[in-house]
Amino acid sequence: MEEYDDLIPQPDNEGRLDLAHRAWRVVDSVIWTLGRELIFLDLSYNKLEVLPQELGNLYLLRELDVSSNRIANIPREIMRCKRLRVLKANGNEIAEVPHELGHCRLLEELYLSENQISEIPGSIGALDGLQTLTLQNNHLAELPPELGLCVALKRLDCSNNPGLLMIPEKLRGDLPMILWICKTRLDNRNEVDSLLHNNDQLENMLRVNDEEKLRLQDKLHDLQEKNEILMKERPELYLAVKGKVTGVVSEACTIC
């Protein structure tokens, strides 16, 4: 923080605090203690490189603007900002979007353009109220299939991502088509997962049947040996044992 910022402004009656255009490199720690007061926080157009984990202390926050800084990461503690509806983080150096962002279920607007992002987490599919998503000018190789679950989406910009081959350039302005592509990939993946699960179950059943067949074969072998002994030594018990052997043979044949 610059030396001339001797006094930190306090949020107004609506919980707004404007700290933009101050050339700050670090946010004063007192800001993260205003969890009961801050609702709208503007830190745009500074020189911030880090958002601390204490961001999660602002549990009443509805709108956070950290655009046009030098921020490299969004802390996972943002998941504690359950009331967050607008997040403006465009124009930074963000390389990774935390999976925990999916816990901000009330999020309606998410601005992530002009960063270094190569992947969007699948947890974005939990943001079923998301209406605006800007992803242009990043390094995306694909969009998460779960994006197809964001049925409230009205605006999506994923232009100028040269590696985004799953969405042809001429379709990147067609929101319904993009959502259809994502949803189709999600359905296909779920179907494959279901088939793999069913296959595992069948293999387990076959393994159990094989083990049971071996057990019965061993039991049959033992009874056959006993049968031979009884035939030689005690003919009067032969008929009783023969009945047992016949029953085991029938059961083994059924499994085979």
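Two residues count as in contact when heavy atoms lie within 4.5 Å. By that yardstick, among contacts in this protein between residues at least 6 apart in sequence, 31% join residues at least 24 apart. Keep in mind that this is a predicted model. The protein has 2 helices and 7 strands, and from the N terminus the elements run β-β-β-β-β-β-β-α-α.

**Overall picture**
- Of the 256 residues in the protein, 39% are buried.
- The accessible surface is about 14,800 Å², and carbon and sulfur atoms account for 51% of that surface.

**The nonpolar core**
- In soluble globular proteins, nonpolar side chains tend to be buried together.
- Here the largest nonpolar core has 54 residues, and the ones touching the most other members are I31, L41, L143 and L147.
- Helix α1, residues 175-233, supplies the largest share of this core, with 5 residues.
- Take I31: setting aside neighbours within four places in sequence, I31 is in contact with I8, L17, L19, L38, L41 and L58.
- One of those partners, L41, is also among the residues that touch the most other core members.

**A look at V97**
- You'll find V97 in the loop between β4 (86-88) and β5 (109-111).
- Despite the loop address, V97 counts as buried because its relative accessibility is 6%, and the cut-off for buried is under 20%.
- Beyond neighbours within four places in sequence, V97 is in contact with L112, I117, E119, I120 and P121.
- V97 and N73 are 24 residues apart in sequence, yet C-alpha to C-alpha they are 7.3 Å apart in space.

**Positive phi outside glycine**
- Most residues other than glycine have a negative phi.
- H21 goes the other way, with a phi near 55 degrees.
- H21 lies in the loop between β1 (16-18) and β2 (40-42), and with 61% relative accessibility H21 counts as exposed.
- Y45 isn't a glycine either, and Y45 has a positive phi of about 55 degrees.
- Y45 is in the loop between β2 and β3 (63-65); at 46% relative accessibility, Y45 counts as partly exposed.

**Rings and charges**
- If you're hunting for aromatic pairs, the structure holds 0.
- Charges over rings do turn up: the charged end of R16 sits over the ring of F40, 3.9 Å from its centre.
- The charged end of K88 likewise sits over the ring of Y111, at 5.9 Å from its centre.

**Cysteines**
- A disulfide is a covalent bond between the sulfur atoms of two cysteines.
- There are 0 disulfides in the structure.
- C104 is in no disulfide, and the nearest cysteine sulfur, that of C81, is 6.2 Å away.
- C104 is buried, with a relative accessible area of 0%.
- For C182, the closest cysteine sulfur is in C158 at 8.5 Å, so the two are too far apart for a bond; the cut-off for a disulfide is sulfur atoms within 2.5 Å.
- C182 is buried too, with a relative accessible area of 0%.

Definitions and conventions
Residues are numbered from 1 along each chain as its sequence is written. This is a predicted model: local features need pLDDT of at least 70, side-chain atom pairs count only at pLDDT 80 or more; totals for chains, interfaces and linings use all residues. Side-chain values use heavy atoms; hydrogens and water are left out. Helices (H or I, at least four residues) and strands (E, at least two) are DSSP runs, numbered from the N terminus. Buried means under 20% relative accessible area, exposed over 50%, partly exposed in between (1.4 Å probe, protein chains only). Rings of Phe, Tyr and Trp (its six-membered ring) pair if their centres lie within 6.5 Å; planes under 30 degrees apart count as stacked, over 60 as edge-to-face and the rest as tilted. A charge sits over a ring if NZ of Lys or CZ of Arg is within 6 Å of the ring centre and within 35 degrees of the ring normal. A nonpolar core is a set of buried Ala, Val, Leu, Ile, Met, Phe, Trp, Tyr and Cys residues joined through side-chain atoms within 4.5 Å. Accessible areas come from the Shrake-Rupley method with a 1.4 Å probe; for residues, only the protein chains shown count as cover.
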